[in-house]
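Please open the model in your viewer with a cartoon representation and keep the selection panel at hand. The stops below go from the whole fold to single side chains.

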Amino acid sequence: MMKTNDVDSWSVGDVRLTSRFLVDLLLRRTESAGGFATVLAKGDEHSGTILVQCSERGVTGPLLERRFSLTGHYIWEAVGPEDPKDGESRANYQERRQKADPDLWIVELDIADATQLVAEWAALT
């Protein structure tokens with residue numbers, strides 16, 4: 001049970017949002033902006049890494065991954081093959097990531113300027 005004086009030392013920054021919550025937030029944000037979003041692979045509910053497969057009107061874009069940095073904060077990085085349109089290399093990369101990290105979430109977004117949407121979403125988290 002929390003004592004009254006413990007409340008003063010608590011802050012929103014102390015709360016860690018679950019991967020499931022963040023994925024749901026991204027899905028809803030994409031759909032509310034008129035795009036399409038789906039979960040291709042479901043990872044760990046609490047702490048799974050999130051990989052976002054960006055596209056616009058079916059044209060593939062970058063793969064973005066949310067990673068924990070050495071500074072103790074989450075960062076987003078472009079990952080995978082240099083040519084995002086190389087479907088075979090992209091699929092191979094995602095397969096290797098899933099084998100290496102079974103807790104990985106893979107989310108597909110199809111929306112105009114998906115990378116900007118991810119950046120806005122990341123700022124909220």
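With the whole chain of this predicted model in cartoon, you should be able to pick out four helices and five strands, which follow one another from the N terminus in the order α-α-β-β-β-β-α-β-α. If you colour by accessibility, buried residues come to 32% of the 125 residues in the protein. A contact map adds that, among contacts between residues at least 6 apart in sequence, 66% join residues at least 24 apart.

**The sheet**

Select the five strands together: they form an open sheet with mixed pairing, in the order 1-5-2-3-4. Strand 1 (36–41) and strand 4 (74–79) stand at the edges with a single partner strand each, so one side of each has no neighbour in the sheet. Looking across the sheet, you will find a twist that averages 25 degrees from one strand to the next.

Begin at the strand 1 edge, where strand 1 and strand 5 run antiparallel and are joined by five bridges; label V39 to find its bridge partner in strand 5, V107. Now hide strand 1 and show strand 2, which pairs with strand 5 in the parallel sense over six bridges. Here L51 has I106 of strand 5 as its bridge partner. At the other edge, strand 3 (residues 59–68) and strand 4 pair in the antiparallel sense, again with their bridges to be counted, six for this pair, and R66 stands opposite W76 in strand 4.

**The helices that pack on the sheet**

Next add helix 2 (residues 19–32), which packs on the sheet and touches strand 1, strand 2 (50–56), strand 3 and strand 5 (105–110), with its direction at about 10 degrees to that of strand 5. Then add helix 3 (residues 87–100), which also packs on the sheet: helix 3 touches strand 1, strand 2, strand 3, strand 4 and strand 5, and its direction makes about 20 degrees with that of strand 3.

Stay with helix 2 and place a distance label between its end C-alpha atoms. How far apart should they be for 14 residues at 1.5 Å a residue? The expected span is 20 Å, and the end C-alpha atoms are 20 Å apart, so the two values agree. Show the side chains of S19, L22, V23, D24, L26, L27 and T30, which are buried in this helix. For reading such a list it helps to recall that an α-helix has 3.6 residues a turn, so residues three or four places apart point the same way. Just past helix 2, select G34, which follows the helix and has a positive phi, near 90 degrees.

**T38 and its surroundings**

Move to T38, which is in strand 1. Is T38 buried, partly exposed or exposed? Its relative accessible area is 25%, so T38 counts as partly exposed. Leaving aside neighbours within four places in sequence, T38 is in contact with L27, I106, V107 and E108. One of these, V107, was met above as the bridge partner of V39, and L27 belongs to the buried set of helix 2. For a distance label, take T38 and D24, which are 14 residues apart in sequence and 9.7 Å apart in space, C-alpha to C-alpha.

**Rings and a charge**

Select F68 and Y74 next, since the structure holds one aromatic pair, and the pair is formed by these residues in an edge-to-face arrangement, with 5.1 Å centre to centre and 70 degrees between the planes. F68 counts as exposed at 54% relative accessibility, whereas Y74 is partly exposed, with a relative accessible area of 33%. Add R66 to the view, as R66 lies over the face of Y74, at 3.6 Å from the ring centre.

**Two positive phi angles in loops**

Finish with two residues in loops. R57, in the loop between strand 2 and strand 3, has a positive phi of about 55 degrees although it is not a glycine, and R57 is exposed, with a relative accessible area of 79%. D113, in the loop between strand 5 and helix 4 (114–124), likewise has a positive phi of about 55 degrees without being a glycine, but D113 counts as partly exposed at 44% relative accessibility.

Technical notes. Residues numbered from 1 in each chain as written. Predicted model: local features only at pLDDT ≥ 70, side-chain atom pairs only at ≥ 80, totals over all residues. Heavy atoms only, no water. Pairing = 2+ DSSP bridges. Axes fitted to C-alpha atoms, helices over the stretch in contact; angles between N-to-C directions. Contact = heavy atoms within 4.5 Å. Expected span 1.5 Å × (residues − 1). Buried < 20%, exposed > 50% of the residue type's maximum accessible area, 1.4 Å probe, protein only. Phe/Tyr/Trp six-rings, centres within 6.5 Å; stacked < 30°, edge-to-face > 60°. Lys NZ or Arg CZ within 6 Å of the ring centre and 35° of its normal.
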